[in-house]
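User: I am new to this structure and would like a close look at a single part of it. Could you walk me through one helix and its surroundings, and then add a little about the rest?

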Amino acid sequence: MLQTARRCNLVGALAVACDHTGVTPPAPVVRHLEGARQVALRQRMSVRWEVAELEGVLGNLGVPVLLLKGAAYVMFDDALALGRMFGDIDILVPRSALGDVESTLMQAGWFSAKLDAYDQRYYRQWMHEIPPMTHIKRGTVLDVHHTILPLTSRHAPDPARIVVRARPVEAGAHLYVPAPEDLMIHSLVHLMHEGELPNGLRDLHDVDEMARRFGAEPGFWQRLAHHAAGNDLALPVAYGLALAARVFGTQVPPQALGVLHPQPLPGWLWPVYRRALDADRGG
């Protein structure tokens with residue numbers, strides 16, 4: 001179990017789960033879990049630091065800047081990020097503001113990690129983000145998105161629909177986090193559109209945690225289904241929720257799934273993804 005969790009960046013989450021369920025792991029495992037717990041805590045602190053830096057750098061541009069994925073979980077509700085391992089920080093800005101955002105970040109010490117002309121053209125012409133940027137001193141990586149799926153995707157969500165529902169990370173802040181349903185939708189869409197599944201189980205775990213955190217809120221599942229269906233994302237969201245229910249027992253109301261996918265789900269969905277997830281964790 002420890003080896004599987006390590007492959008999927010879930011050791012910190014495993015430590016938290018042991019605490020919450022009263023499970024006492026074998027002594028040789030405890031030090032691994034405690035180490036992961038400390039790394040996850042340190043990473044959450046680093047995320048908060050970077051968010052404060054981004055607030056100072058981008059806050060005066062007059063454009064909406066949304067945190068996505070892990071950074072959004074930390075700033076929305078720290079409980080969502082307990083034990084979670086982070087890689088980079090993702091933000092979403094209007095495509096029309098990309099030039100101003102990128103130049104402002106460069107002046108603040110960020111530089112493009114992709115210097116090859118082919119890579120630059122590939123990202124800027126076909127992808128949903130510009131090439132990743134790395135801070136020259138801190139070494140942190142920032143992904144600047146202008147939408148949540150590559151421009152070549154069969155689905156074409158409108159990022160403005162996510163922006164309009166976002167909320168400030170705190171009173172008076174210029175950085176925002178998506179609404180709860182958009183947090184989950186983005187996590188599901190990211191999972192289902194990945195060509196590989198290096199963090200597949202972690203993403204499903206994120207979805208399950210959000211379902212437990214938000215699912216009891218009145219109208220949450222109706223809003224999620226409505227927003228996904230209205231933004232050309234019903235199919236990947238339905239597939240992802242079905243996988244979360246199969247792997248983690250995530251409680252998904254049948255009515256919400258019916259809105260997203262009125263027909264029976266395809267029989268190949270679980271066998272294909274089970275094989276992919278098994279391969280990812282060395283099974």
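Analyst: Here is a walk around helix 5, followed by a strand, the cysteines and a pocket.

This is a predicted model, so local features need pLDDT of at least 70 and side-chain atom pairs count only at pLDDT 80 or more, while totals for chains, interfaces and linings use all residues. Residues are numbered from 1 along each chain as its sequence is written, and side-chain values use heavy atoms, leaving out hydrogens and water.

Let's start with helix 5, which spans residues 98-107. Helices here are DSSP runs of H or I with at least four residues, strands are runs of E with at least two, and both are numbered from the N terminus. Leu98, Val101, Glu102, Thr104 and Leu105 are the buried residues of helix 5. They lie on the same side of the helix because they cover an arc of only 165 degrees around the axis, the arc being that of the directions from the helix axis to the C-beta atoms. Buried means under 20% relative accessible area, exposed over 50% and partly exposed in between, with a 1.4 Å probe and protein chains only. Asp100, Met106 and Gln107, on the other side of helix 5, are exposed.

What do the buried residues of helix 5 pack against? Their partners are helix 3 (27-58), helix 6 (117-126), strand 3 (110-112), strand 4 (133-135) and strand 5 (141-145), where contact means heavy atoms within 4.5 Å. After helix 5 comes Gly109, with a positive phi near 105 degrees.

Now to strand 1, residues 65-68, which is covered on both faces. Val65 and Leu67 are buried on one side, and Leu66 and Leu68 are buried on the other. Strand 1 pairs with strand 7 (residues 175-177) in the parallel sense over two bridges; strands pair if DSSP finds at least two bridges between them. Val65 has Leu175 of strand 7 as its bridge partner. Strand 2 (residues 89-92) runs antiparallel to strand 1, joined by three bridges, and its Ile91 stands opposite Leu67.

As for the cysteines, the structure has zero disulfides, a disulfide being a pair of cysteine sulfur atoms within 2.5 Å. The sulfur of Cys8 is 16 Å from the closest cysteine sulfur, in Cys18, which is too far for a bond. Cys8 is buried, with a relative accessible area of 0%, and Cys18 is buried at 13%.

Finally, helix 9 (200-214) is one of the helices that each supply at least two residues of the lining of the largest pocket. Helix 9 gives the most to that lining, with seven residues.
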